[in-house]
Amino acid sequence: MEYYVQKIKENGKIAVDDLILIKDVPSYGGSKILEGFHSLFTAEVVERLEKAGYPVSGTTPVGEFGLDLVGEFSYGHTQKGKLYGAAAELVKKGEVEFALGVDMNGAPRRAAALSGIEFLKPTYGTVSRYGIISCAASGEQIGVYASNAETIAKAMKIIAGHDEKDGTSLPDMTYDYSTTEAVSGKKVALITELLEKADDDVKKQVQKVVADLEKKGVKVEKISFVNCQTACIAWQILMAAETCNNISRYDGVKFGFRAEKYKDIDELYVNSRTEGFNLLTKTMILYGSDVLSKKRYKDCYEKSLRARRLIAEQLNALFEQYAAVIAPVCSTLSFTDYDVKDAFTKVYNEMVFTAMANLTGIPSLTKGAVQFMAKPFGESTLLSLARVSEKEDK
Amino acid sequence: MKYEIVIGLETHVELNTKSKIFCSCGGHSSAKEANDCVCPACCGMPGMLPVMNKRVVELAATAGLMLNCNINKYSTFDKKNYYYPDLPCAYQITQLNHPICTNGHITIKTKDTEREIRIKQIHMEEDAGKLVHEGNFSYVDFNRTSVPLIEIVTQPDFRSADEVLTYLRKLKSMFQSSGISECETGAMRCDINISVRPEGSSEYGVRTEVKNMSSFELIEKAINYEAQRHIDAIEYETEELIQETRRFDEATGKTFAMRNKETEADYRYFPDPNLMPIVIDDAWLEKIKANKPIILDERENLYREVGIGEKEIAMLLSNHVLMKLLDDTVQAGADLKTASSWILTDLIGLLKRKNIALTADTIAPAKLARIIELVAKSVITRATGKKLLDVVVEKDVDPDEYRIANKLDMQQDSGLLENAVRKVLQENETMVAEYKAGKEKVFQALIGATMKELKGKAEPSAVVEALRKALLR
Ligand SMILES: [Zn+2]
């Protein structure tokens, strides 16, 4: 597979996915519609990393606007055979120390699982979204791919913190990314509904992590959380609506791809967008338009906002009792190439594992196929649990 | 049958801020070339996020206070989706569900009626860019994109074009005088909702909307045309009225229906997740209130109280430059009523004769106040005052220097005063020398000596004048 969309520096230390903009570097966001586009400015996270001595080696392919499983339908980089995420593979091979990805539908967490590494989707609002090709503003967040918790913590200390250029960036406060919190005696919940949706390979990984933690004195209890399916539907609706709205600016008028043939402005829009987007994106646009339409808004969009509040409250209650929640992050570890016609359903089916964190903004760290979730700003608990489990791997 | 016209207005007003509503681009009105005043944010490039300009919130809230609205502590932004090449993101950020101001009112007086117009809401939003068509090509200019606007929505409370124009003039004057908006050509645009019904009826007729009108003259024409069209349709069944959006064609003086496609759009509004709700806490609201300019109605009452005539009040209220000059002249020490007569009679008359337009720089308020004082204190006559005003407007001279140099003062019938001054100056040569050497302090002593010589039987101001004059020789 091709690991880079654009190689920038031979001796770069990190990679960022192609949804993160760098000045004067061509950025496609995985889509033909952005052909020829390059940004006039650099994302805040990249600025911070470069200042801290982490130059970017290059940008890695993502699915069109990050909407697919792990980047299989990236414009010009379509994958065949077994699927992998490019950034996750670079980290696994040790070619970069860590990488950044935008987590909207769980794609980076899935990719980390497939490559057997780790990815942290931090608490919403802790990392600036300035300079990403944004789709679903209310739940997307930049996170870190790395092979261990220690490296994730190091990267987070650099990229997290208030940025006045992002209105959703939380006011300045200090975040805890310690990896050495005592875990013994902590109670952790395992969501049975999600475990049952996973295949044996994934289940085995979960069982291994549970055993590792129990060895260190963590108490793991199986619980039921029926609303993980509701979270998936709600996030699908909000994500599609916001994506449809945010990518409506790619219309062939100002930059990027424009269809060659058109008679008038309406045809310019229609032809450019018809030729510029893949079927998954178009499905998302139709779905998003529909849930925002007058006849559906109340039943779809508004209900999803209510579900978001409700589920956040339920999770809060859960985190009163448990330090963290464990669940599989995907149904299987062996995705292979498939027809784009099936993409919408396939991604939706996998989002049941990842949607809760995007919908409610809680942090989620995946180690292989196992994800840990905690209350907002509970990153240090996640990092510490992951680190304990890492030690048992050796 | 007699008919009543029912009109509601949506008025867009461009706010007078240094930068745009969600980015730091500034100075669009003085941009020389198309797209001189743009950045990645206001031309819709990916990666940029809207950051709220606080000044916009303050100006919108101030407008709300002036229109007696509730200022909502919590307000939110929504995205309105539609495709048009002058809209770079294909959505406009506006306020639909939780606008910043609600439930206000304003009283308007025309020559026939006095009416309270209810303000439904005021919300903040961003402007779009503009298209320039040349031959077979169309170009996009984003200079205006994201320029801050407020939209003031009234209830259907107007009953004539005259009332609408009175309201608009009042808004314009209010916003100009308070610095909320410069209200230049095109910076104030209206959508007019209009229907007619038999007089006495309480039900509304079929409503049409005439969009995007900015010239007052055309607004009047459009309302009169549209109202007559409705009446004809009802009275003579010339056509069937339908609820629709129309445009006014300046050339024909008629309105015409817009394509249905444009009017039946579903804008798919939803809350903008990139902008946190705006929370105006008590401290901020107090600060905004403290800076609130005097409301026109309050001013009007004040003018009436001091006895300014109705015609003059109307003149003042319709011209914020006049009002400001009057304000500042009073601030500089002049009496309100006297100053209003000087400004409205003498100054305006003078400008008319010379065919000069009144601007903020026509005359320094302090100089005008001094002229008024000189006349009030009988240092110069009223007629001389008028001449002095003329020179000050023309050459911006100092009134005192000029009148002294040109010996404009009244021939005081007081040999007594002059004799006393002459005597004091002769007897105090040292002090005179000191004064001429720049020692201002001794002037007080000279005043005291003169007053003593006159046994206190003199106007102190007259003594000061006489001394100054004598010392200048
Ligand atoms: Zn700008």
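## Two chains, their sheets and where they meet

Let's start inside chain A of this predicted model: strand E5 (residues 118-121) and strand E6 (residues 141-146) of chain A run antiparallel and are joined by 3 bridges. If you want a spot to look at, find Leu120(A), which sits opposite Val144(A) in E6(A).

Those two strands belong to something wider. Chain A has an open sheet of 11 strands, in the order E1-E3-E2-E4-E6-E5-E10-E11-E9-E7-E8, with mixed pairing. Which strands stand at the edges of this sheet? They are strand E1 (6-7) and strand E8 (219-223) of chain A; each has a single partner strand, so one side of each has no neighbour in the sheet.

Stepping back, chain A comes to 12 helices and 11 strands. Its radius of gyration is 20 Å, close to the 21 Å that the globule rule gives for 394 residues, so chain A is as compact as a globular protein of that length.

Now for chain B. Here the secondary structure comes to 16 helices and 16 strands. A compact globule of 473 residues would have a radius of gyration near 23 Å, but the value for chain B is 30 Å. Here are the two chains side by side:

| Chain | Helices and strands | Radius of gyration | Span of the C-alpha trace along the principal axes |
|---|---|---|---|
| Chain A | 12 helices, 11 strands | 20 Å | about 70 × 50 × 45 Å |
| Chain B | 16 helices, 16 strands | 30 Å | about 95 × 60 × 50 Å |

Chain B has an open sheet too, with 9 strands in the order E2-E6-E7-E10-E1-E11-E12-E13-E14 and mixed pairing. At its edges you'll find strand E2 (70-71) and strand E14 (254-257) of chain B, each pairing on one side only. Follow E2(B) inward and you reach strand E6 (residues 101-109) of chain B: the two run antiparallel, with 2 bridges joining them. Ile71(B) is the residue that stands opposite Cys101(B) in E6(B).

There's also a neat hairpin to look for in chain B. E8(B) and E9(B) form it, with 2 residues between them, and Gly135(B) in the turn has a positive phi of about 55°. The two strands pair in the antiparallel sense over 5 bridges, and Lys130(B) stands opposite Asp141(B) in E9(B).

On either side of that hairpin are the partners of a salt bridge. Asp127(B) lies in the loop between strand E7 (114-126) and strand E8 (130-134) of chain B, while Arg144(B) lies in the loop between strand E9 (137-141) and strand E10 (148-154) of chain B. Their closest N and O atoms are 2.5 Å apart. Why does this pair deserve a look? The two residues sit in separate loops, so the salt bridge ties together parts that are 17 residues apart in sequence. Over all chains, the structure holds 53 salt bridges.

Finally, how do the chains meet? In the model, 31 residues of chain B are in contact with 40 residues of chain A. The size of an interface is often given as the accessible area lost when the parts come together. For chain B and chain A, the buried area is about 2,800 Å², with carbon and sulfur atoms giving 60% of that.

How many salt bridges does the rule find across the interface of chain B and chain A? The count is 0. There are, however, 12 residue pairs in polar contact between the two chains. On the side of chain B that touches chain A, strand E4 (78-81) and strand E15 (270-271) of chain B each supply at least two residues. The residues on that side divide into 23 nonpolar, 4 polar and 4 charged.

Definitions and conventions. Residues numbered from 1 in each chain as written. Chains lettered and ligands numbered in written order. Predicted model: local features only at pLDDT ≥ 70, side-chain atom pairs only at ≥ 80, totals over all residues. Heavy atoms only, no water. Contact = heavy atoms within 4.5 Å. Buried area = accessible area lost by both parts, 1.4 Å probe. Salt bridge = Lys/Arg side-chain N within 4 Å of Asp/Glu carboxyl O. Polar contact = N/O pair within 3.5 Å; in protein donor to acceptor, adjacent residues only side chain to side chain. Helix = DSSP H or I, 4+ residues; strand = E, 2+ residues; numbered from the N terminus. Nonpolar A, V, L, I, M, F, W, Y, C, P; charged D, E, K, R; others polar. Pairing = 2+ DSSP bridges. Rg over C-alpha atoms; globule rule 2.2 N^0.38 Å.
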